[in-house]
Amino acid sequence: MLSPALSLATSLPEWQIVPAESTLTFTATQNSAPISGEFKQFSGELFVDPANYKASKIHITVLMNSLSASYADLVTTLTTPDWFNVKLFPTADFKASDFKQT
């Protein structure tokens with residue numbers, strides 16, 4: 001869940017992530033079956049104005065060890081060097097600055 005707050009650093013409203021009401025989930029397919037998971041710890045800055053999408057920007061930082069999945073073997077696999085390599089990359093950043101209204 002996000003709540004808006006006006007930031008003095010930008011003319012866009014800054015939306016605050018409310019950890020107790022927010023989720024960062026994923027769904028994928030493995031062996032023709034759906035799998036799901038989530039990252040339980042993340043933070044970020046979201047500057048979004050529905051009336052001004054072109055100026056909006058998002059930066060989310062994810063603590064990769066906070067991975068939880070539909071079964072334990074998936075977590076073990078995804079944290080290895082072949083996938084997320086959480087020992088070398090303990091956090092992941094997602095940044096976006098190109099938005100289109102749909």
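This section describes a strand pairing, a buried leucine, the aromatic contacts and the largest pocket of a predicted model.

The description begins with a hairpin. Strand β3, which spans residues 24-30, pairs with strand β4, which spans residues 33-39. The two strands run in the antiparallel sense, and seven bridges join them. Within this pairing, Thr27 has Ser36 of β4 as its bridge partner. Two residues lie between the strands of the hairpin, where Asn31 adopts a positive phi near 55°. In a regular strand, side chains point alternately to one face of the sheet and to the other.

Aromatic residues of this hairpin take part in ring pairing. Two aromatic pairs were identified in the model. One of them, between Phe26 and Phe39, is tilted, with a centre-to-centre distance of 5.9 Å and an angle of 45° between the planes. This pair connects distant parts of the chain, since Phe26 belongs to strand β3 and Phe39 to strand β4, 13 residues apart. Phe26 and Phe39 also belong, together with Phe84, to one aromatic cluster. Phe39 has a relative accessibility of 10% and is therefore classed as buried, the cut-off being under 20%.

The three rings of this cluster recur in the surroundings of Leu67. Leu67 is located in strand β7, which covers residues 67-69. Its relative accessible area is 8%, so Leu67 counts as buried. When neighbours within four places in sequence are left aside, the contacts of Leu67 comprise Phe26, Glu38, Phe39, Val75, Leu78, Thr79 and Phe84. By contrast, Pro50 is 17 residues from Leu67 along the chain, and the C-alpha atoms of these two residues are 31 Å apart.

Another ring is associated with a charged side chain. Lys57 is positioned over the face of Phe47, 5.4 Å from the centre of the ring.

The hairpin strands also contribute to a pocket. Rolling a probe the size of a water molecule over the atoms reveals where space remains empty. The largest pocket holds about 220 Å³ of space. It is lined by 13 residues, of which Ala28, Ile35, Leu74, Leu78 and Trp83 are the closest to its centre. Strands β3 and β4 and helix α1 (72-78) each provide at least two residues of this lining. Leu78, one of the residues closest to the pocket centre, is also among the contacts of Leu67.

Definitions and conventions: Residues numbered from 1 in each chain as written. Predicted model: local features only at pLDDT ≥ 70, side-chain atom pairs only at ≥ 80, totals over all residues. Heavy atoms only, no water. Pairing = 2+ DSSP bridges. Helix = DSSP H or I, 4+ residues; strand = E, 2+ residues; numbered from the N terminus. Buried < 20%, exposed > 50% of the residue type's maximum accessible area, 1.4 Å probe, protein only. Contact = heavy atoms within 4.5 Å. Phe/Tyr/Trp six-rings, centres within 6.5 Å; stacked < 30°, edge-to-face > 60°. Lys NZ or Arg CZ within 6 Å of the ring centre and 35° of its normal. 1 Å grid on protein atoms, 1.4 Å probe; cavity = no way out; pocket = protein on both sides within 12 Å on 5 of 7 lines; lining within 4 Å. Points joined across faces, edges and corners; volume = space filled by probe spheres on them.
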